[in-house]
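Thanks for coming. I will go through one structure today, starting with charged pairs and ending with the contact between chains. Please have the sequence and the model open.

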2 protein chains.
Amino acid sequence: MPQAVSKVRSATADEIRQAALEQFAQSGYEATTMRDIAASVGIKAASLYNHFDSKEEILWDLTRSAMRDLDANRDDALARLAPAAVPRVKLAAFVSAHVDFHAERRHQAVLVNSQLGSLSQAHHRKAVALRDAYENSLRTIIDAGVASGEFTVSDVQVATLAILQMGTGVSFWFRPDGRLRIDQVCAEYVKLALAIVRHEIQ
Amino acid sequence: MPQAVSKVRSATADEIRQAALEQFAQSGYEATTMRDIAASVGIKAASLYNHFDSKEEILWDLTRSAMRDLDANRDDALARLAPAAVPRVKLAAFVSAHVDFHAERRHQAVLVNSQLGSLSQAHHRKAVALRDAYENSLRTIIDAGVASGEFTVSDVQVATLAILQMGTGVSFWFRPDGRLRIDQVCAEYVKLALAIVRHEIQ
DNA sequence: GGACTAGACTAACGCCCGTTAGTTAAGTGT
DNA sequence: ACACTTAACTAACGGGCGTTAGTCTAGTCC
């Protein structure tokens, strides 16, 4: 008799993750209670402790996953390019992936962009390190474009942050039933990013 | 005998505002307690109620002030221009004022950009209306530039949000003792904004 | 100098928080 | 059949929350 699909990870734990993610993103970590999370899952608050050690552990689990997903999303996009793709193409791929993530996975994006401060000190440090590495991967692309003369940027650091932050903002206004589809939004932001790195110094 | 300067507004109330602003911006509204605020001022929590009716009223007082200051800051910058200034000049003035505010008055900026959700429903509505009006004032400038042919923008709404959000992000990384002075940061962002509205459609 | 006011204080209320202990019922493996 | 594990439950603890009531004291106005 065929073995039933074994649960590799608890289905309840995943429901808890999903409920906590939505509420942390929507109301904030401090304003969300363990009783709130449990109620969305249909259990009692005490039962959450069969799956997670503490409220902060849930936040850290979600934060780490979100940041890993963000990295994986970028890696996938860059891996699809030719190995020797020119910086302009890499920048376009990066920005498109970045914006796509922030539109498609709003809750994860909002969590990463507004709830890091509620992590424990140790976890906060790790999260900031991951965020810095992500930022660095964009700066590296821009640096390469400047070095090759393809880009004209008066301050690489400011351009890096500006491109990231305008894309990050998408998670706050994008709605799936809005005027623009996700792919249109991505295309718009790619244009803006290219404009930023190719402008004439005045 | 000369009248001593009468206190038009309570000095203690202003100390409370200052302490609450810093802590709301740094730790978030929910994570800040009335006892925390009182302790920074050097009084007991109950004494706060001699000056404000509730915790939420403090937040609303600070939020409304911050948004009024942001509007006034923009109005001052635009009023200094010639009445018939061209959209490019108006955009530069707007972005410079926007970035200057977000660098110089970080706490107020962070409050407006991350704590609106903790307001009561009625106050939240008013805050969103103010934010929309601010956004509209930038869109109007970009619209004028597009109408005159001075700007080339494939989507005015996206360009508006992108310019605002990249400037807003300054409040999260700017430090007075950092590599760039405020005026240098403003100048950089003006360049980026002009690049965004003048890029060729591809 | 006596009435009044402003603004601090102490004490406490009722509620909700994250979390723990102990119990129970439903599978699962041999 | 029986031991074992998983994961739900009820009950409660200790503590902190926003807020209120009532008191005291120092200064102000006629």
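How many salt bridges does a search of the whole structure find over all chains? The count is 20. Keep in mind that this is a predicted model. As general background, side chains of opposite charge can pair when their charged atoms come close.

Let me take a few of these pairs in chain A. A:D61 forms a salt bridge with A:R17, and their closest N and O atoms are 2.9 Å apart. A:D61 sits in helix α3 of chain A, residues 55-79, while A:R17 sits in helix α1, residues 11-27, so the pair ties together parts that are 44 residues apart in sequence. Are these two residues buried or exposed? Both A:D61 and A:R17 are buried.

The next pair is A:D75 with A:R74, also a salt bridge, with the closest N and O atoms 3.1 Å apart. A:D75 is partly exposed, at a relative accessible area of 38%. A:R74 counts as buried because its relative accessibility is 11%, and the cut-off for buried is under 20%.

The third pair is A:R88 and A:E150, a salt bridge whose closest N and O atoms are 3.4 Å apart. This pair links distant parts of the chain: A:R88 is in helix α4 of chain A, residues 87-104, and A:E150 is in the loop between α6 (121-147) and α7 (156-168) of chain A, 62 residues apart. A:R88 is partly exposed, with a relative accessible area of 35%. Going back to the α1 and α3 region, salt bridges that share partners join A:D14, A:R17 and A:D61 into one network.

Now the fold of chain A as a whole. Its secondary structure comes to nine helices and zero strands. The C-alpha trace of chain A spans about 60 × 45 × 35 Å along its principal axes. Of the 202 residues in chain A, 49% are buried. Among contacts in chain A with a separation of 6 or more, 70% are between residues 24 or more positions apart.

For packing, I will switch to chain B. Helix α4 of chain B covers residues 87-104, which is 18 residues. From its first C-alpha to its last, α4(B) reaches 25 Å, close to the 26 Å expected at 1.5 Å a residue. The buried residues of α4(B) include B:L91, B:F94, B:V95, B:V99 and B:F101, and also the two histidines B:H98 and B:H102. What do the buried residues of α4(B) pack against? They pack against α3 (55-79), α5 (106-114), α6 (121-147), α7, α8 and α9 of chain B.

Helix α5 of chain B has its own set of buried residues: B:Q108, B:A109, B:V110, B:L111 and B:V112. These pack against α1 (11-27), α3, α4 and α8 of chain B.

One glycine deserves a mention here. B:G169 is found in the loop between α7 and α8 of chain B. B:G169 is buried, with a relative accessible area of 4%. B:G169 and B:V99 are 70 residues apart in sequence, yet their C-alpha atoms are 8.9 Å apart in space. B:V99 is one of the buried residues of α4(B).

Last, the interface. In general, the size of an interface is often given as the accessible area lost when the parts come together. Here, the area buried between chain B and chain A is about 2400 Å², and carbon and sulfur atoms give 65% of that. On the chain B side, B:V158, B:Q165 and B:K191 lose the most area to chain A, together 21% of what that side buries. In terms of contacts, 27 residues of chain B touch 27 residues of chain A.

How many salt bridges are there between chain B and chain A? There are two. In one pair, B:R179 forms a salt bridge with A:D155, with the closest N and O atoms 2.9 Å apart. Six residue pairs are in polar contact across the interface of chain B and chain A.

Which elements give two or more residues to the side of chain B that touches chain A? They are α7 (156-168), α8 (170-173) and α9 (182-198) of chain B. Of these, α9(B) gives the most, with eight residues. By residue type, the side of chain B that touches chain A divides into 15 nonpolar, six polar and six charged.

That is where I will stop.

Conventions. Residues numbered from 1 in each chain as written. Chains lettered and ligands numbered in written order. Predicted model: local features only at pLDDT ≥ 70, side-chain atom pairs only at ≥ 80, totals over all residues. Heavy atoms only, no water. Contact = heavy atoms within 4.5 Å. Buried area = accessible area lost by both parts, 1.4 Å probe. Salt bridge = Lys/Arg side-chain N within 4 Å of Asp/Glu carboxyl O. Polar contact = N/O pair within 3.5 Å; in protein donor to acceptor, adjacent residues only side chain to side chain. Helix = DSSP H or I, 4+ residues; strand = E, 2+ residues; numbered from the N terminus. Nonpolar A, V, L, I, M, F, W, Y, C, P; charged D, E, K, R; others polar. Expected span 1.5 Å × (residues − 1). Buried < 20%, exposed > 50% of the residue type's maximum accessible area, 1.4 Å probe, protein only.
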